[in-house]
Amino acid sequence: MPSIQKHPCRVLFIDHTAQLGGGEVALLRLTQAFDRSRVAPHVLLFSDGPLHTKLEQAQVPVELFELNTKIVDMRKEASRPRSLLQPNRLGAVLSAIGRLARFLRTKRFDVVHTNSLKADLIGGFAARLAHIPLIWHVRDRIEADYLPKNTVRILRLLARSLPTFVVANSAATLQTLHLPKQKPSDVIYSGIPDDWVQPPYPPPPLCGKSQVRIGLMGRIAKWKGQHIYLAAADKVLQRYPQTQFEIIGSALFGDQPYFVELQSEVARLQLDERVVFRGFQENTKAVISDLDILVHASIIPEPLGQVVLEGMALGRAVVATAGGGVLEVVVPNQTGLLVPMGDAEAMAEAILCLLSDPLRAQTMGEQARHHVGEHFTVSAMAERATAIYETVAVR
């Protein structure tokens, strides 16, 4: 008797934003990497933006579920549960949860996979009302140095009971939830596209170049450490005055004053000709490929440090601060150099070490590419996610 072919697991990913932040880029890559005979990904966004367009181009079904502006306009720092329950928002939040639960029942998804804190809460309660298995994908460290204390307390409490399964973007992130041992959980890193680590490779950095380009990529925010990077750049330029330093990214969520401070610091240090602000760049692969050294400078532990993985995948020598998820992806002195957080002197010394030994920098980049190819490709992460869906789905 022929076996009955089960339909692919229908997974709905929910994200509150369609802007291309790190979590959204990771979501886009993951949804494209699934074996469609086993997983049928769908995406629901609470607002429109570039991610919507890219998902459609990748032929991933996507729908908009627009929220009341009182909810959409909340900053991440204000999106804690207590703020969602304030009287001026409570009605809008409850209405959104009810509408979303009805939508989920109609579409008959096998699993709901939320991709951001706001989606964890609104999408999470809706999934439970609709009696659909819920996976939280936690991409933020749930600690008081990253989120308000009350938010940390409530999210840790909810993580124990609301989701069926908890996924985090690093073991460091997962540990911040303080989950009991019996709570089903796993780590799914933000996978790098497989073709990034396959030939043809970008030209090797440093060797034979007249001008070296060093870059820091990421959102402009004080905790990302751009001011530490500038202080290190000032020290490096005293020995290598022709080096170009780039700051790649834009200021979001009210961080514009910090951006102005950085510009003033560049002027004060008289680095105008050596430091370039490049703004947000969508094609991260092309931008990183043009760099010789990639620097990561966060002054509090990163949940993961996705850009560090991207630099490693493209064979770039990486200097990164030692904390959080970065410690899980960089093998010290083999696939990158680690320095203490907030230490401009140590960062400068690490950069100078690479500039003075181009062959070492090239070898380190090659080892980094191999390491990413073995452990952090998006196809490997998609396979790990698929196993979780097939475990929790009620089919």
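User: In which loop is the place of Gln 59, and does its relative accessibility make it buried or exposed?
Analyst: In this predicted model, Gln 59 sits in the loop between H2 and strand E3 (62-64). Phi of Gln 59 is near 60°, which is a positive value in a residue other than glycine. Most residues other than glycine have a negative phi. Because exposed means over 50% relative accessible area, Gln 59, at 66% relative accessibility, counts as exposed.

User: How does His 178 count by its relative accessibility?
Analyst: His 178 is placed in the loop between helix H8 (171-175) and E7, and His 178 has a positive phi of about 55° although it is not a glycine. The range for partly exposed lies between under 20% for buried and over 50% for exposed. His 178 has 44% relative accessibility, so it counts as partly exposed.

User: Which residues are joined by a cis peptide bond?
Analyst: The loop to examine is the one between strand E7 (185-187) and E8, where Pro 200 has its place. Most peptide bonds are trans. Here, however, omega is about 5°, and the cis bond joins Pro 199 and Pro 200.

User: What are the edge strands of the open sheet of six strands?
Analyst: The strands of this open sheet follow the order E10-E9-E8-E11-E12-E13, with parallel pairing. An edge strand pairs on one side only, and that description fits strand E10 (275-279) and strand E13 (337-339).

User: Which residue in E11 does Gly 215 stand opposite?
Analyst: Strand E8 (residues 213-217) pairs with strand E11 (residues 293-295) in the parallel sense, over three bridges. Within this pairing, the residue in E11 that stands opposite Gly 215 is Leu 294.

User: Is H9 roughly parallel or roughly antiparallel to H10?
Analyst: The axes of H9 and helix H10 (residues 256-268) come within 10 Å, and they cross at roughly 10°. Angles under 35 degrees count as roughly parallel, so H9 is, with respect to H10, roughly parallel.

User: Which residues of H10 make the contact with H9?
Analyst: The residues of this contact divide into four nonpolar, two polar and one charged. From H9 come Gln 226, His 227 and Leu 230, while the residues from H10 are Tyr 258, Leu 262, Glu 265 and Val 266.

User: How far does helix H1 reach from its first C-alpha to its last?
Analyst: Helix H1 (residues 22-33) has 12 residues, and at 1.5 Å a residue a reach of 16 Å is expected. Close to that expected value, the reach of H1 from first C-alpha to last is 17 Å.

Key
Residues numbered from 1 in each chain as written. Predicted model: local features only at pLDDT ≥ 70, side-chain atom pairs only at ≥ 80, totals over all residues. Heavy atoms only, no water. Pairing = 2+ DSSP bridges. Helix = DSSP H or I, 4+ residues; strand = E, 2+ residues; numbered from the N terminus. Expected span 1.5 Å × (residues − 1). Axes fitted to C-alpha atoms, helices over the stretch in contact; angles between N-to-C directions. Parallel < 35°, antiparallel > 145°, perpendicular 65-115°, else oblique. Contact = heavy atoms within 4.5 Å. Nonpolar A, V, L, I, M, F, W, Y, C, P; charged D, E, K, R; others polar. Buried < 20%, exposed > 50% of the residue type's maximum accessible area, 1.4 Å probe, protein only.
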